[in-house]
Structures are given as C-alpha cells and as structure tokens.
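Please read the notes below alongside the coordinates. They are arranged by topic: ring contacts, pockets, then single buried positions.

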Amino acid sequence: TITGKVTRTWKQVRHRIACVAKCLGDNDVSQDDKIAILGANSAIYLESLFIPAWIGAVAVPLNTRWSDKENIYAIEDSGSSVLFFDDTFFETTEQIKSQSSVISTFVYMGEKNCPDWALSYNDMAYSGEEVVSITKGGNDMAFIMYTGGTTGHPKGVMLSHAGIFSSSSAIAMDCQSNKDDIYLHAAPMFHGADFAFSNAVSISGGSHVFLPAFTPTALINLISKYKVSMSLLVPTMIKMFLNDPSAKDADLNSLKKLIYGASPMDEGTLNLLIETLPGLK
C-alpha cells in the first residue's frame with residue numbers, strides 16, 4: 001500500500017491485520033460477528049476489509065453516500081455489532097452511536113485523538129501481538145454488501161469466500177494483473193466494483209494507491225506521481241479527467257489498464273480517451 005511517504009509491504013499489512021484481529025478478540029469480538037465499515041478510501045480501509053475474515057467474522061461495508069438513517073438501517077438489518085469509522089464519518093458515527101441498538105464496539109480509524117468510547121485502530125495495529133487466522137472459506141459467508149435500494153429497501157447480499165475468490169481470480173486473469181501492477185482506488189471502496197478489482201490486484205500481489213475524494217486533478221497527480229498502471233472509473237470521471245487542463249502536460253504513460261462501467265460510455269468520449277492514451281487497454 002502507498003499513502004504519501006508511507007509504504008507497506010504485504011508482510012507488514014498482514015502483520016497489522018493479525019494484530020488488530022488479536023485486539024478485537026481480546027474485546028469480545030468473535031466468529032460470525034458482523035463488522036460494519038464506514039470510511040473514505042485509504043490503506044487502513046483496505047486492511048479493514050481483511051480483518052473480519054481473519055477472526056471468522058463477516059464484513060459489512062457501508063455506503064458513504066447514504067444518509068445516517070440509511071446506514072443505521074443497514075447496520076440494524078445486518079445485525080452488525082462492531083463499527084469501524086474514520087475522521088470523514090466521525091459525526092455520522094456519533095449519530096449512529098446515539099440511535100443504533102446493536103453496535104457495541106466502535107473502532108476509530110482516524111488520525112486525531114481517539115474518543116474514549118472507541119478502540120484505536122492505530123494502537124491495535126502497532127500492538128505487536130498477532131493472532132492466528134481462523135480457517136474459514138468455501139461457502140462460509142465473508143461479506144454482506146448492500147444493493148442501492150432503487151426498487152425498495154436495500155438488500156444485504158451475502159457473499160461467500162469461494163465466490164469472492166472465484167470472481168477475483170477470473171478478473172485477475174482477464175486483466176492480466178500481476179505483482180508489478182499499481183492499482184488506484186478512485187471509485188469508492190465500499191462498492192462492489194472497486195472491491196472486485198481490488199481483490200484481483202491483491203491476489204496477484206500488486207500494489208494499492210488511494211484517492212479519498214475524487215477530483216480530476218487529484219486523479220491525474222496520483223497517476224503521474226506513483227506510476228499507476230490500473231484503475232476503475234465511471235464515464236463521468238473519465239470525461240472530467242479528459243477535460244482537465246492538467247491532463248495535457250501530465251505523464252500518464254504508466255496507465256495501461258482502465259476499467260469503466262456503471263453507465264454507458266458515449267463514443268466521443270471513448271475515442272478521445274483512445275487518442276489521449278493510445279497505449280491504454
């Protein structure tokens with residue numbers, strides 16, 4: 001993972017995951033518990049997606065675009081007893097704390113002072129004490145991811161370990177993902193699209209760079225600075241990126257693979273993209 005000047009190897013990421021898992025176990029978080037996650041794109045968010053499985057629990061990524069009421073619905077509906085949150089959603093979490101009847105443990109993933117009603121992610125990650133991962137897999141449930149709720153209440157879709165690994169393997173093969181890939185999380189990490197390609201990069205041993213909030217200039221700067229080779233964008237993001245003045249002078253030749261979806265791509269935008277980055281798949 002790469003965040004500014006902070007880089008971590010897969011071995012270091014694994015150690016941090018095992019340490020946080022140990023501390024959660026010490027605080028009575030156990031197998032089959034549901035662990036909700038609410039945060040902006042970050043290296044810690046990526047780590048937090050692996051932690052529930054390490055202790056045999058289930059991850060529930062929450063929609064960062066939902067209202068407090070909608071996220072409380074997902075928490076109550078899934079029966080989540082733990083909530084990971086960061087600075088972006090501190091006030092939202094305070095509302096959840098006052099209104100949710102099921103959350104008993106809060107984990108603060110931010111960089112400021114940890115509130116006295118939450119556990120500090122950083123303190124746990126640096127505790128130095130690991131726990132051996134619980135062996136779950138196959139048809140065991142790993143994630144609950146919520147639909148958009150366009151035709152009624154959002155539905156919690158249960159995803160198995162085998163299903164996620166199968167999907168990730170297929171994507172890794174189709175995108176020819178490898179350990180030299182540097183993947184930029186520009187789309188929100190709670191979403192199934194970014195989640196799928198993130199896992200493909202992870203099982204290929206690639207690297208991760210994070211864009212907490214999308215702007216075309218920030219996207220261009222990260223691609224240029226970290227020699228990003230792969231990302232996922234929606235057509236609206238691509239249009240904004242192509243129309244940004246800084247795109248003309250930036251070195252974007254490292255970008256070799258771009259996945260788009262969620263809405264149709266008009267032919268004009270697609271042609272302009274091919275002309276701007278002729279080496280892009």
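The points that follow concern a predicted model.

1. Aromatic pairs, first example. The structure holds ten aromatic pairs. In one of them, the ring centres of Trp10 and Phe50 are 6.5 Å apart and the planes meet at 85°, so this pair is edge-to-face. Trp10 belongs to helix α1 (residues 10–26) and Phe50 to helix α2 (residues 43–54), so the contact ties together parts that are 40 residues apart in sequence. Both rings are partly exposed: the relative accessible area is 32% for Trp10 and 29% for Phe50. Each value falls between the 20% limit for buried and the 50% limit for exposed.

2. Aromatic pairs, second example. Trp66 and Tyr146 also form an edge-to-face pair, with 6.4 Å from centre to centre and 70° between the planes. Trp66 is in the loop between β4 (58–61) and α3 (68–78), while Tyr146 is in strand β8 (residues 141–146), so the pair ties together parts that are 80 residues apart in sequence. Here both partners are buried, Trp66 with a relative accessible area of 14% and Tyr146 with 16%.

3. Other ring arrangements. One aromatic cluster is made up of Phe85, Phe90, Phe106, Tyr108 and Trp117. Separately, Arg16 sits over the face of Tyr126, at 5.3 Å from the ring centre.

4. Largest pocket. The largest pocket contains about 560 Å³ of space. Its lining consists of 25 residues, and those closest to the pocket centre are Leu49, Phe50, Ala53, Trp54 and His161. Phe50 thus appears here as well as in the pair with Trp10. Which elements give two or more residues to this lining? They are α1, α2, β8, α6 (161–174) and α7 (192–203). Sorted by class, the lining of the largest pocket has 15 nonpolar, seven polar and three charged residues.

5. Second largest pocket. The volume of the second largest pocket is about 480 Å³. It is lined by 26 residues, of which Thr3, Ser42, Ala43, Ile44 and Glu111 are the closest to its centre. Two or more lining residues come from each of β1 (2–3), α2, β11 (207–210) and α8 (216–226). The most are given by α2, with three residues. By class, the lining of the second largest pocket divides into 13 nonpolar, eight polar and five charged residues. Helix α2 is listed for the largest pocket and for the second largest pocket.

6. Ser202. This residue is found in helix α7, one of the elements listed for the lining of the largest pocket. With 13% relative accessibility, Ser202 counts as buried. Apart from neighbours within four places in sequence, Ser202 is in contact with Trp10, Phe50 and His208. Its contacts therefore include both rings of the edge-to-face pair in point 1.

7. Leu62. Where is Leu62 found? Leu62 is in the loop between β4 and α3, the loop that also holds Trp66. Leu62 is buried, at 1% relative accessibility. Its contacts, leaving aside neighbours within four places in sequence, are Ala36, Ile37, Leu38, Asn71, Ala74, Ile75, Leu83 and Phe190. Measuring from C-alpha to C-alpha, Leu62 and Pro188 are 11 Å apart in space, and they are 126 residues apart in sequence.

8. Phe89. The loop between β5 (82–85) and α4 (90–99) contains Phe89. At 12% relative accessibility, Phe89 counts as buried. Beyond its neighbours within four places in sequence, Phe89 is in contact with Leu38, Gly39, Ala40 and Thr64. For Gly39, 50 residues away along the chain, the C-alpha separation from Phe89 is 6.4 Å. Leu38 is in contact with Phe89 and with Leu62.

9. Leu273. Is Leu273 buried or exposed? Leu273 is buried, with a relative accessible area of 5%, and its place is in helix α10 (residues 267–276). Not counting residues up to four places away in sequence, Leu273 touches Ile238, Phe241, Leu242, Leu258 and Leu280. The C-alpha atoms of Leu273 and Phe241 are separated by 9.6 Å, with their positions 32 residues apart along the chain.

Definitions and conventions
Residues numbered from 1 in each chain as written. Predicted model: local features only at pLDDT ≥ 70, side-chain atom pairs only at ≥ 80, totals over all residues. Heavy atoms only, no water. Phe/Tyr/Trp six-rings, centres within 6.5 Å; stacked < 30°, edge-to-face > 60°. Helix = DSSP H or I, 4+ residues; strand = E, 2+ residues; numbered from the N terminus. Buried < 20%, exposed > 50% of the residue type's maximum accessible area, 1.4 Å probe, protein only. Lys NZ or Arg CZ within 6 Å of the ring centre and 35° of its normal. 1 Å grid on protein atoms, 1.4 Å probe; cavity = no way out; pocket = protein on both sides within 12 Å on 5 of 7 lines; lining within 4 Å. Points joined across faces, edges and corners; volume = space filled by probe spheres on them. Nonpolar A, V, L, I, M, F, W, Y, C, P; charged D, E, K, R; others polar. Contact = heavy atoms within 4.5 Å.
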